[in-house]
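Open the structure and keep the sequence beside it. We will walk through it one region at a time.

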There are 2 protein chains.
Amino acid sequence: MTAEVRPASPPLTERQEARRRRILHATAELACRGGFDAVQMREVAEAAEVALGTLYRYFPSKIHLLVATMQDQLDHLHATLRKRPPSGAAASERVAETLMRAFRALQREPNLADAMVRALTFADRGVSREVDTVSRRTTAIILDATGLEHPTPRQLSVVRVIEHTWHSALITWLSGRASIAQVKVDIETVCRLIDLPDPAADPAADAEPAGPAVPA
Amino acid sequence: MTAEVRPASPPLTERQEARRRRILHATAELACRGGFDAVQMREVAEAAEVALGTLYRYFPSKIHLLVATMQDQLDHLHATLRKRPPSGAAASERVAETLMRAFRALQREPNLADAMVRALTFADRGVSREVDTVSRRTTAIILDATGLEHPTPRQLSVVRVIEHTWHSALITWLSGRASIAQVKVDIETVCRLIDLPDPAADPAADAEPAGPAVPA
DNA sequence: ATCAAGTCTGAAACTTGTTCTAGATTAGCG
DNA sequence: CGCTAATCTAGAACAAGTTTCAGACTTGAT
């Protein structure tokens with residue numbers, strides 16, 4: 001619950017970049033077998049061949065580490081998705097298709113998914129910045145799928161709702177409380193919101209347009 | 001990650017019931033100042049005047065304890081809500097009104113909300129049963145607000161999506177990444193799904209109707 | 001090449017959730 | 001009442017996240 005060293009990351013040397021990569025790689029490795037609990041800081045440090053203190057210098061907590069891993073994986077995913085854009089006619093279909101593709105990717109490594117998603121939702125205020133980065137990337141993926149160039153505030157809210165559903169549905173699946181089929185139905189259900197017309201004037205829609213409300 | 005003693009709870013003696021109450025009360029107390037981190041098992045035990053081992057006999061983990069606390073609070077809430085049912089004309093308005101009332105209740109004790117919600121989303125498979133109870137109570141509250149007597153599978157999916165949004169929006173608020181106004185907009189946005197007509201035939205809608213998919 | 005500042009290592013210590021043990025208490029029953 | 005099984009207590013012990021520290025190593029600038 002400490003650590004304040006964000007104000008613009010100083011450029012890393014090559015060896016440092018390599019260490020960072022080794023750490024993230026070891027983390028994903030351990031997460032793939034065993035999930036959240038199997039990612040133990042001492043083991044990550046050992047597998048990445050860095051001292052425990054160094055691991056904590058790079059990632060100030062286990063949660064930071066796993067959220068950073070998620071950022072990493074999201075980058076891969078976004079790149080993959082760009083290569084073959086969704087094919088549906090309606091925006092809602094394209095978004096649902098995109099999310100189901102992401103879902104299938106997560107199903108391939110359910111333990112890794114477990115580790116990343118649990119970290120994401122367990123993160124407290126100290127990890128706001130990093131969680132927000134993940135959220136912005138997810139938003140970007142969804143907006144890409146909609147094809148919208150200049151989304152209205154209402155549409156942004158719809159995208160947020162889709163993201164909420166996405167995260168929470170993942171959790172219920174990971175904790176064994178919902179089936180894959182149910183997640184699919186829920187995603188398709190929420191995506192229907194996209195195609196709804198914007199009501200002309202709704203004063204509630206643009207209270208606090210976007211951007212996080214992170215306190216100093 | 002052990003403990004299997006659910007198959008019908010044996011009736012508790014009076015003293016046991018009292019202990020259970022003391023524990024839940026102490027938990028809520030500690031949670032109110034300090035949130036999730038302030039609920040420390042040793043402190044709960046001390047405040048409730050039971051031994052640590054006894055605390056663990058009643059609630060096999062901190063997560064179980066906090067989820068049970070949430071069940072407790074939900075009961076209060078549901079009772080309160082029944083007294084003054086929502087007044088909106090459309091089902092979507094009534095649900096939004098109900099959830100916003102619940103939200104305002106949580107705002108009164110944000111630390112307690114933090115403890116309960118974090119526990120809920122962090123819970124792993126070992127807590128499925130208890131989390132599912134909370135989920136069913138939440139569903140009941142929402143269905144009450146809709147006024148629907150015999151919801152269709154599609155409508156149940158909508159209710160699940162609303163629940164997803166509710167949980168996830170709470171998390172973003174608790175972690176300081178969304179304002180109260182944003183949560184309000186998101187809730188109102190997702191509630192618009194309720195008033196959508198049921199498309200006549202959608203084969204996806206009734207794959208795996210309801211009920212948790214908890215493995216033995 | 002050399003010095004200062006910053007970084008990395010290894011190891012121990014500390015915190016808090018969880019488990020375990022031995023003995024005291026309690027509850028139900030004949 | 002007296003017995004037995006279950007429950008409760010106090011406290012130690014263990015596990016994993018986090019912090020700390022002394023000393024070795026790098027880096028960058030002179």
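Start at a single contact: a phosphate oxygen of DNA strand C is 3.0 Å from an N or O atom in the side chain of B:Tyr56. A polar contact is a pair of N or O atoms within 3.5 Å; within protein, one must be able to donate a hydrogen and the other to accept it, and residues adjacent in sequence count only if both atoms are side-chain atoms. This is a predicted model, in which local features need pLDDT of at least 70 and side-chain atom pairs count only at pLDDT 80 or more, while totals for chains, interfaces and linings use all residues. Residues are numbered from 1 along each chain as its sequence is written, chains are lettered from A and ligands numbered from 1 in the order in which they are written, and side-chain values use heavy atoms, with hydrogens and water left out.

Stay with strand C. The side chain of A:Thr54 has an N or O atom 2.6 Å from a phosphate oxygen of this strand. B:Lys62 uses its backbone instead: an N or O atom there lies 2.9 Å from a phosphate oxygen of DNA strand C. Which elements give two or more residues to the surface near DNA strand C? They are helix H1 (14-32) and helix H4 (52-58) of chain A, together with helix H3 (41-48) and helix H4 (52-58) of chain B. Helices (H or I, at least four residues) and strands (E, at least two) are DSSP runs, numbered from the N terminus. H4(A) gives the largest share, three residues.

Now take the whole surface. DNA strand C is surrounded by 20 residues, and A:Arg19, A:Thr54, A:Tyr58, B:Arg42 and B:Lys62 are the closest. Of the atoms of DNA strand C that come within 4 Å of the protein, 59% belong to sugar and phosphate. A residue is near a strand if one of its heavy atoms lies within 4 Å of it. By class, the surface has eight nonpolar, five polar and seven charged residues. Here Ala, Val, Leu, Ile, Met, Phe, Trp, Tyr, Cys and Pro count as nonpolar, Asp, Glu, Lys and Arg as charged, and the others, Gly among them, as polar.

Turn to DNA strand D. It has 20 residues around it, the closest being A:Arg42, A:Lys62, B:Arg19, B:Thr54 and B:Tyr58. Sugar and phosphate make up 61% of the atoms of DNA strand D that come within 4 Å of the protein. A polar side-chain atom of B:Tyr58 lies 2.8 Å from a phosphate oxygen of this strand. On chain A, a backbone N or O atom of A:Met41 lies 3.0 Å from a phosphate oxygen of DNA strand D. A polar backbone atom of A:Val39 is 3.3 Å from one. The largest share of this surface, three residues, comes from H4(B).

Leave the DNA and look at charges within the protein. Side chains of opposite charge can pair when their charged atoms come close. The whole structure holds 16 salt bridges over all chains (a side-chain nitrogen of Lys or Arg within 4 Å of a carboxyl oxygen of Asp or Glu). One joins A:Asp114 to A:Arg118, with the closest N and O atoms 2.9 Å apart. Both residues lie in helix H7 (residues 110-122) of chain A, four residues apart, about one turn of the helix. An α-helix has 3.6 residues a turn, so residues three or four places apart point the same way.

Finish with helix H8 (residues 128-146) of chain B. This helix has 19 residues. What follows H8(B)? The next residue is B:Gly147, whose phi is positive, near 80°.

Note on methods
Expected span 1.5 Å × (residues − 1).
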